[in-house]
Every structure is written in C-alpha cells, then in structure tokens.
Amino acid sequence: MSYAFAAQLNSLLAALILLTAFAMLVQRRMYALLHLFAWQGLFLSISTAVVGFAAQSHHLYISSVLTLAIKVILLPYILHVLIRKLKIHREVETIVNVPTTMLIGIALVIFSYHLTAPIRELSTLMTKSTLAVALATVMLGLLMMITRRHAVTQIIGFLAMENGLFFAATSATYGMPLVVELGVALDILIAAFIFGIFFFHINTTFDSLDVDQMARLKEED
Amino acid sequence: MILLVLLCVPLVASLALAFIGDRKFAPEVNILGSAATFVAGIALALEVYHHGPMLAGDKFFFVDAFNVYLAVLTSFVSMTTALFSRRYMRREREHGTIGHRRIRFYHAMFQLFIFAMLLCLLTNNVGVLWIAMELATLSTVLLVSLYRTPSAIEAAWKYFILCGVGIALALFGTVLLYFAAEKVLGAGGEALLWTNLSQVSDQLEPTILSLAFVFLMVGYGTKVGLVPVHNWLPDAHSEGPTPISAVLSGLLLNIALYALVRCKVLVDGSTGTHHAGNIMMGFGILSVIVASFSLLRQKDIKRMFAYSSIEHMGITTFAFGLGGPVATFGALLHMLVHSLTKSAIFFTVGHASQMHRTQDMDRIQGLIRGNPLVGWGMTFGVMAIVGMPPFGVFMSEFLILTATIKDAPLMAPFLLLGLGVTFAALFRKVQPMVTGEVPPHQKFLKVAHVPVLLHMFLVLGIGIYMPKFLADWFHTAVGLLK
C-alpha cells in the first residue's frame, strides 16, 4: 500500500465517518441508530490502522484494536442488551425539523473547516485534511445530543462525540501518547457502566426514557 | 515516595470501604483514610516547602507550591467532610432514605473521588490531568443521584451530560495542545508533560494555542461552573447528599480551575498577549453578575449556596485572568478561604435541613435558639462568605478589588455590583432562618462540632494573621504563574 493510496483511503474513511454522523443525526429507530454507531466505530478503527501503517507509528495499531474492541463490539453490545432489557427497541422517536437539523449540521461542517484552517497550514501530516471532519463529527454529536430527547440517543450522541475526538487525535498528531489513550478508554468504560445504571433509574422513576420529563429543576419565578 | 502514599491511601481506602460495606465502623474507616491522606499531604507539603519543586516517578508527577497547597486543602476538607458525614449519613440511613448498598457505594466513591482529585493535582501530564478530571466527574455522578428521587436523578443526568460534553471539548483542546507541542518536543509522552511544555511555551505556535485555549476554557469552565455553562451546578449541589455538595463546591471547582490556570500559563507563554486572561475575565465577571442576581430568587437553601459558589469561582477566575502579582495572590488565597468557608456553610446547612427535614428556606427558622452551633455557624459562615472583615475572604476579595481598580478600572463597578447584590441577597435570606422562635417541626439533633469550628477558626485566623509559610507558598506560586 503506497503512501498516496493510504492518504486517499483515509480521506474516504473520513468521508464515511462524516456520513454516518449525519445519518445518526436523523435516524429514528433505536437499533438502526446503534448499528450506525457501530459502523462509525469500524470506519474509525480501520482509518486508525491505515494511518498507523502509512505513518509507521505502531502504537496506532493498539489504538485501532482498542477502538474495535470498545466502540464496535463492547459498547454496541452493552447498548443492545440495555435496549432489549428496557424494551425500547420498538420505540420510534419523533424528530422535529429534519431539514433544519441537516442545514445546521452542514453549517457546522463548514465552520469546522474554517476553524481548523490554521492547523491545516501548519501540519505536515497526511491526515491534516481530516481534522476538520473530526471536529465536525464532534459538533454533530453535540448537535445530536441537543436535538434528541431520548436518553439512549443522547448517550449515543455523546459516544459519537468521543469518536470524533479520537479521530481528531489521530488526524492532528497520529494519536495521543498511549497512556492517555488507555486512560480515555478506561473513562469511557466507566461512563458506559454509569449510563447503564442511569437508564434503569430513569426508566423506573419516570416510566420512560424521554428526558423531556425531567423538568423539575428550574429556576422558579 | 510520600507522593505515592498520598495517592495510594484514598485508592486503598476506596477498595477497603467497598468490601467493608455497611458495617458499623465504615464511617470511621472513611475518616481514618481521609486523615491518613491529610497527614501524607502535610508531609509532602513540608518536603516541597524545604526542598523546592520536585519531579517524581519518571517525570510523571510534578509538585510545586501551586499544586501542593491545593493538595493539602483537598485532603484537609475531605477529612473534615468525612467527619461530618459520619453522623449525617448515619441519620439519613435511619430515616430510611438510603440502604445498605448505597452506604457502601457512597463511602467507596467518596474515596475514589478524593483519589481522582489528587491525581489531577499531582500529575505532570496534561492528558492524565484530563483523564483524572473525567474520573472525578464520573465518581460523583452516581453520588448526586444517591437518593434516587426524580429530582436527584434529573440533577445527576444533567451533571453527567453537561460535564461530559464540557470535558469532551477540553479533550479537543488538549489534542490541539499536543499538536503544537509535538512540533517542538517531538512525539511521545514527553510532549504532554507540563514541565516540558512550560519550558518551551514561547516556541509553541500561538494561533494553535489560542484556539486550544477556547476549547479548554469552555471545557474546564463547565466544571468550574462558569456562566453560561453552569446549569448543572445548582442542581447537582441541591439534590446530592450534603457532604457531596460540600466537596463538590469546596474542592472539585477548585481543581477544575487549577487545570484551567495551568493551561493559561502555557497559552500566555506562547501568545505573549493577554488574550487568555481576557477570556477568563469575561467569563468570571459574567458569572459574578448572573450568580449574584440568581441568588435573590432562590428558595432552596443548598441551591442558594450553590449560586454563591458560582459567584466565588467567577471572582477567582476573574482574578486569575487579570493576572499580576496582587490579583494572583488574591485568587490563590480566595481559592483557599472560599473552599474552607463554603464547606463549613454546607455542613451547617446539612444540619439545618436535617433538623427541619426540608431544604425549603421558608420552613427553616430559629436555628440559633434551636441549636446554637448550627445557627451561629451559619451566621458567621455567611458573614465570612460575603466578605466581611476580619475573615479571610475579606482579605482576598480586597486584594482582588484593589488590583482590579488599578489594572482594569472599568471592570471594578461590575465586580462591586456583584459583591453588593450577593451581600444583600444572602443576608436577606439567611437572617430569618437563624433568628426567630423555634418552629414546632424542628427537631434537636446532635451535630458534628469539629468540622464547622475548625474551618471557621482557620478562615478567621487567615483573615487576622497570615502565617509566614502560607504567604511564602503563595508568593512562590505567584512567581510560577507569571
């Protein structure tokens, strides 16, 4: 695999990651959303391996395997089990204003390109152009958390943000030092444990996972 | 060596408490663990005081005047909070608010939280700093929802989501920082070490660091509780158990601010401008104003003091942003005295709300007659927190205000307005609670004297006479943060 080919392949994977991010933004069905998230993780993992191969930085292989294990297998599996146990796999979320959300998403992508322009000029890495995609993925995850009202969907948005951050680290610097990446992975696992508990608490207390019901704590007038 | 002990004690205590569970002596083990941590903290501080800054564990840990004083403060407040929580949590358990498993969980997570904060302070690696900060959040999320009431779950969910998003942005900032550092220091773990970064900060690319700082500011700023990303804070403080409110307010906010200030030093060194400082000043002053006016509208006692914490973190952030020796000295002092005073206030608030079985301020009355320690403790605590002399908060706020009038006179009226409104609001709300007759629904309870008295005594002591070692520490820290 030549260097140029690797760069091309990486750009293609970046495009796929962005595509899944957009698809997640408007996917109403739980399982389909989860599958999209798993696909995004898979593209991320392949992309990390490709960059690791092209840049000859072997610790990226470890990151790649870590991503595969956590983001493609473990987290989707946990969420799958949770969705089944909470009996919400048939739920179809109502999403208002799909076109507006998409347009805001596009604006966020443009904004990300604008924001990362100084980095593209300075960087000499082959991945420099994908950093904007990474930031866009972070922002789209954030947008998903804002627009969606279901607790599980918000968590998937949060995890998609983490995907974006991980991709940013690979794009900007060929990955963070290993100790940091392992620590981040550990934090994500603890977070997964916590939101798993949370889903049950919310479900038993509010009889649904719709976060709109949580509106007790407000400033009184 | 001492450093490892300091970090290992809370970790071991956490594991031990997870096994001990709800045995009768669990709170005592909790106190013992925190006390041991405090002793280790003092030992470390003495070592640093005599021998200067030190690197340890293959440069993985770094201790200087700035973080060692926060480490001592953290271990001290966690010790007094453990003392306070002994009776408090036992009573909650008698009332049937929480059961066996949750007591086990509470103790284990409390110690894990202390560990995460100490790791945050002592690590030299900016990436590990981020990880420890996230760990500190995660360990407290389920403590906030400990009572499992709908409001508590809502508060914890908000805390989890908002801080999760915030801290994710801080990670992006850290990635950018690493990107800039890698150009100068080469790839690998070395490039994220703060000591290395601070040596070469003038060679780091200014545009990248400015951009990184925006992300770090919003990210860590969420954890500091700065307006407009503060929404999680009043909820988490009011719905969690009171010992947790005390450590969240007194310690966690400080730690997040510590992370921010460490990053600011790097950004300042790189850009050579006051760009980062200005951002911090803006966030700070906005927090002071918004929090002070929000105070006026509160009905829940813990929520009110949560807003007061936002206000004080605003003042501190503003002062760090302003820079200069006087303001920085004031900010460091303010972190210390606010932490001591606010946790003391939360202790008395915890007692008061247990005496009345409510957090509604309209139903809390006659505290001085009902229980002098709680009543007077709250009165003096509030006097201290609004900045009345001779308490330590007066000193720090005075220093900050003087520096503001000198360096940023346009900001001074806003700062004064915030302080004035807070003064009025807190007194108006607290005075009816402490005075008056004892209402029939008030119950007399045995309270933990030591934590409140110890904290208030220290705040008073620092206000009247600052010991030389403390002044030395602050002066050294000011020198580091230039």
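1. Take a salt bridge to be a side-chain nitrogen of Lys or Arg within 4 Å of a carboxyl oxygen of Asp or Glu. By that yardstick, chain B and chain A have zero salt bridges between them. Keep in mind that this is a predicted model, where local features need pLDDT of at least 70 and side-chain atom pairs count only at pLDDT 80 or more, while totals for chains, interfaces and linings use all residues. Residues are numbered from 1 along each chain as its sequence is written, and chains are lettered from A in the order in which they are written.

2. Polar links do turn up: two residue pairs are in polar contact across the two chains, both at pLDDT 80 or more. That term covers a pair of N or O atoms within 3.5 Å; within protein, one must be able to donate a hydrogen and the other to accept it, and residues adjacent in sequence count only if both atoms are side-chain atoms.

3. Which helix of chain B gives the most to the side that touches chain A? H6(B) does, with 23 residues. Helices here are DSSP runs (H or I, at least four residues) and strands are too (E, at least two), numbered from the N terminus.

4. As for chain B itself, it has 19 helices and two strands. Its radius of gyration (over C-alpha atoms) is 21 Å, close to the 23 Å from the globule rule (2.2 Å times the number of residues to the power 0.38) for 482 residues, so chain B is as compact as a globular protein of that length.

5. The C-alpha atoms of chain B fill a box of roughly 70 × 55 × 45 Å along the principal axes.

How values were computed:
Side-chain values use heavy atoms; hydrogens and water are left out.
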